[in-house]
Amino acid sequence: MQSKYFAMLVAGAIFLFVLDLIRRQKMNFRYSVFWLSACVAVIIFGVWNGLLLKISRLAGFELPSNFIFFLLLAFFTVLSLMLTLYINEQNDRTQHLAQSISALQYRIKLLEKKPGEEET
């Protein structure tokens, strides 16, 4: 089996797997667009042989393999950026929830306080 057919087969399997994760609501569509577009790009480059060569030459790469390594590096860099944004989003949510819980606990403490008791 040629490597391009193997790459297309793996990309197709990943594409179907991501679609299944979306269907089962294990993955948000917002985060899956990146994976789906990467799979589509691999399949497109596999179907049209000369396209990868033309784009790599246009980008200034002598060898298409160097262009592929560059695309992988760019893919992982963008993936790291997306995961960092997700982590920051989750940290903000956690901070907001902790502040809300603290405010609610304070209000409960005030409501449970007996008349004449001093606040501690």
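**Notebook: salt bridges, rings and helix α4**

I began with E89, which counts as partly exposed because its relative accessible area is 25%, between the 20% and 50% cut-offs. A reminder to myself before going on: this is a predicted model.

**Entry 1: salt bridges**

Which residue does E89 pair with? I found R30, with the closest N and O atoms 2.7 Å apart, in a salt bridge. This pair links distant parts of the chain: R30 belongs to helix α2 and E89 to helix α4, 59 residues apart. I then asked how many salt bridges there are by this rule. The count comes to three.

I went to helix α1 for the other bridges. The side chains of D20 and R23 meet at 2.7 Å, N to O. Both residues lie in helix α1, three residues apart, which is about one turn of the helix. I noted the general background here: an α-helix has 3.6 residues a turn, so residues three or four places apart point the same way. D20 also meets R24 in a salt bridge, this time at 3.0 Å, N to O.

Next I checked how open these residues are. R23 is exposed, because its relative accessible area of 60% is over the 50% cut-off. D20 is partly exposed at 24%, and R24 is partly exposed at 39%.

Back to the R30 and E89 bridge for one last look: the N to O distance there is 2.7 Å. Turning to shared partners, I see that D20, R23 and R24 are joined by their salt bridges into one network.

**Entry 2: the loop after α1**

I looked up Q25, which sits in the loop between α1 and α2. Its phi is near 60 degrees, a positive value in a residue other than glycine. Is Q25 buried or exposed? Q25 is exposed, since 73% relative accessibility is over the 50% cut-off.

**Entry 3: aromatic rings**

I counted five aromatic pairs in the structure. One of them, F34 with F75, is stacked: 4.8 Å centre to centre, with 10 degrees between the planes. The two rings come from distant parts of the chain, F34 from helix α2 (residues 29–47) and F75 from helix α4 (residues 64–112), 41 residues apart. I find both F34 and F75 buried.

F61 and F67 make another pair, with ring centres 5.4 Å apart and planes at 55 degrees, so I log this pair as tilted. Why tilted rather than stacked? The reason is the angle: 55 degrees falls between the 30 and 60 degree cut-offs.

The burial of these two rings was worth a second check. F61 is partly exposed at 21% relative accessibility, because buried means under 20%. F67, at 6%, is buried.

I also noted a cluster: F34, W35, F75 and F76 form one aromatic cluster.

**Entry 4: S56 and what touches it**

I moved to S56 in helix α3 (residues 49–58). Its relative accessibility is 0%, so S56 counts as buried. Which residues is S56 in contact with, leaving aside neighbours within four places in sequence? They are F61, P64 and F67. Two of those names, F61 and F67, I had just logged as the tilted pair.

**Entry 5: helix α4**

I tested the length of α4. At 1.5 Å a residue, its 49 residues should span 72 Å, and the end C-alpha atoms are 71 Å apart, which agrees. Which residues of α4 are buried? I listed F67, F75 and L79. The cover over these buried residues includes α2 and α3.

**Entry 6: where α2 meets M8, and a surface patch**

I looked at I43, which is placed in helix α2. I43 is partly exposed, with a relative accessible area of 28%. Its C-alpha atom is separated from that of M8 by 5.1 Å, although I43 and M8 are 35 residues apart along the chain. Apart from neighbours within four places in sequence, I43 is in contact with M8, A11 and G12.

Last for today, I looked for nonpolar surface. F6, L9, V10 and I14 make a nonpolar surface patch of about 350 Å². V10 lies in helix α1 (residues 3–23). I logged V10 as partly exposed, because its relative accessibility is 34%.

Key:
Residues numbered from 1 in each chain as written. Predicted model: local features only at pLDDT ≥ 70, side-chain atom pairs only at ≥ 80, totals over all residues. Heavy atoms only, no water. Phe/Tyr/Trp six-rings, centres within 6.5 Å; stacked < 30°, edge-to-face > 60°. Helix = DSSP H or I, 4+ residues; strand = E, 2+ residues; numbered from the N terminus. Buried < 20%, exposed > 50% of the residue type's maximum accessible area, 1.4 Å probe, protein only. Contact = heavy atoms within 4.5 Å. Expected span 1.5 Å × (residues − 1). Patch = residues over 30% accessible without salt bridge, like charges linked within 9 Å, V, L, I, M, F, W, Y side chains within 5 Å. Areas by Shrake-Rupley, 256 points an atom, 1.4 Å probe, with all protein chains shown as cover. Salt bridge = Lys/Arg side-chain N within 4 Å of Asp/Glu carboxyl O.
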